[in-house]
Amino acid sequence: MLRALKFGKPKNPGFGLSANFYLSVLSSRPVMPSLVEIVNPNGEGGAVSGLGAPLASASDKEALTKPLERGAYALATKDRKTVIKMLVLSKEEASFDPEPFARSDLAMEVSSELLARVRATWTLAQLTFESHDPMVYPALDFLLEVAKRLADQTDGVVADPICRRYLLPEEVIRVPRMDPRVDSREHLTINFRARPDGQHVYTLGMQKFGLPELEILGLGIEDAVRAARFLLTLAQTVLLGDLIRSGDRFGAPSMPFEARHGGFDNALWEGLSVYELLPPTAITSSEALIAWDVEAQRLGPSF
């Protein structure tokens with residue numbers, strides 16, 4: 001008799017991290033902390049538990065306790081499965097001008113404290129992945145912890161270019177998380193645009209994982225909050241490993257959305273992969289969202 005093959009559990013959640021995924025920390029202090037104040041093996045003094053070293057060939061152990069200077073540094077988890085490159089630059093060298101942001105509509109949505117910190121930027125530290133844990137979640141935690149710690153130590157803010165947002169240190173990691181492994185709110189934003197056919201609601205951030213962004217078109221203004229909750233809930237499901245394929249259905253069983261290839265607004269998406277969520281025939285997106293909301297409240301809390 002033939003024996004059934006037994007397959008082990010996946011070694012990862014089904015996705016990795018894009019090479020375009022990075023965060024920047026904008027420091028408003030003229031003098032940076034030392035590397036050991038950001039990361040050290042035992043997490044002493046509130047630092048992140050991990051390993052760190054300058055990438056300059058002539059560096060020595062004393063460099064670990066001196067204030068960070070212009071240059072590149074390597075930060076790694078203690079198991080060395082995740083390695084982050086930290087590039088420290090002056091704002092002039094990075095060509096960073098805070099005023100366009102300060103004069104934009106986005107600045108109206110942030111606190112006066114955050115805006116003051118952005119305007120006071122002296123130095124930028126860009127954090128990029130050189131390698132990452134195959135399970136992804138530990139790598140994400142390490143990145144967020146390092147960014148938060150560096151911003152804490154420099155009266156700085158964390159810039160997330162893909163999501164087009166700035167965060168104070170206490171906003172970087174959600175407490176509590178929707179799931180201990182990952183919280184979609186830490187890695188993506190929900191955005192709104194007015195179009196002739198109604199509101200366009202979409203994610204920014206799924207591309208960090210090489211995954212399609214999500215969008216719903218033709219909504220009313222009154223649907224915005226409900227649509228945001230739906231997209232965050234769906235994104236959370238995806239980031240826990242339940243990946244979307246074209247034709248998959250989501251929402252209330254009686255009125256499910258169907259995922260189809262979207263992203264036809266080239267000015268917005270610039271060739272990125274996108275899934276548009278379409279309601280059933282003769283049903284509006286608003287009606288499908290209301291049906292989902294009723295079902296979601298019956299099942300329990302969401303975002």
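In which sense do strand 5 and strand 6 pair, and over how many bridges? They pair in the antiparallel sense, over six bridges. The views below come from a predicted model, in which local features need pLDDT of at least 70, side-chain atom pairs count only at pLDDT 80 or more, and totals for chains, interfaces and linings use all residues. Residues are numbered from 1 along each chain as its sequence is written, and side-chain values use heavy atoms, with hydrogens and water left out.

**View 1. Pairing of strands 4, 5 and 6.** Helices (H or I, at least four residues) and strands (E, at least two) are DSSP runs, numbered from the N terminus. Two strands pair if DSSP finds at least two bridges between them. Strand 4 (residues 51–54) and strand 5 are joined in the antiparallel sense by four bridges. Within this pair, proline 54 has tyrosine 73 of strand 5 as its bridge partner. On the pairing of strand 5 with strand 6, alanine 74 stands opposite lysine 85 in strand 6. Strands of a sheet pair through backbone hydrogen bonds, either parallel or antiparallel.

**View 2. Arginine 80 and serine 95, two residues with positive phi.** Arginine 80 belongs to the loop between strand 5 (71–76) and strand 6 (83–90). The hairpin of these two strands has six residues between the strands, and arginine 80 takes a positive phi near 65° there. Arginine 80 is not a glycine. Its relative accessibility of 59% makes arginine 80 exposed, where exposed means over 50% relative accessible area, buried under 20% and partly exposed in between (1.4 Å probe, protein chains only). Serine 95, in the loop between strand 6 and helix 2 (99–102), likewise has a positive phi, of about 55°, without being a glycine. Serine 95 also counts as exposed, at 65% relative accessibility.

**View 3. A cis peptide bond before proline 176.** The bond from valine 175 to proline 176 is cis, and its omega is near -5°. Proline 176 lies in the loop between strand 9 (165–167) and strand 10.

**View 4. An open sheet of six strands.** The strands follow the order 10-11-12-15-14-13, with mixed pairing. Strand 10 (189–195) and strand 13 (249–252) stand at the edges; each has a single partner strand, so one side of each is left without a neighbour in the sheet. Direction ignored, neighbouring strands of this sheet are turned by 25° against each other on average; axes are lines fitted to C-alpha atoms, for helices over the stretch in contact, and angles run from 0 to 180 degrees between N-to-C directions. Strand 12 (residues 213–219) and strand 15 (residues 274–278) pair in the parallel sense over three bridges. Glutamate 213 stands opposite valine 274 in strand 15.

**View 5. Helix 5 across the sheet strands, with alanine 227.** Helix 5 (residues 224–239) lies across strand 10, strand 11 (198–204), strand 12, strand 13, strand 14 (255–261) and strand 15, and runs at about 155° to strand 12. Alanine 227 is part of helix 5 and counts as buried, at 0% relative accessibility. Apart from neighbours within four places in sequence, alanine 227 is in contact (heavy atoms within 4.5 Å) with Val201, Leu219 and Leu289. The C-alpha atoms of alanine 227 and proline 256 are separated by 14 Å, at 29 residues apart along the chain.

**View 6. Alanine 252 in strand 13.** Alanine 252 is buried, with a relative accessible area of 3%. Leaving aside neighbours within four places in sequence, alanine 252 is in contact with Ala291 and Trp292. Between the C-alpha atoms of alanine 252 and glutamate 295, 43 residues apart along the chain, the separation is 6.2 Å.

**View 7. The largest cavity and its lining.** A cavity is a set of points, on a 1 Å grid over the protein atoms alone, where a 1.4 Å probe fits but cannot get out; lining residues have an atom within 4 Å of a point. Grid points are joined across faces, edges and corners, and a volume is the space filled by probe spheres set on the points. The count comes to one cavity of 30 Å³ or more, and the largest cavity holds about 40 Å³ of space. Its lining consists of Leu23, Leu144, Val158, Asp160, Arg165, Leu167, Val172, Glu186, His187 and Lys208. Strand 8 (157–160) and strand 9 are the elements that give two or more residues to this lining. The lining residues divide into five nonpolar, one polar and four charged, where Ala, Val, Leu, Ile, Met, Phe, Trp, Tyr, Cys and Pro count as nonpolar, Asp, Glu, Lys and Arg as charged, and the others, Gly among them, as polar.

Technical notes. On a 1 Å grid over the protein atoms alone, a cavity is a set of points where a 1.4 Å probe fits but cannot get out, and a pocket is an open set with protein on both sides within 12 Å along at least five of seven lines; lining residues have an atom within 4 Å of a point.
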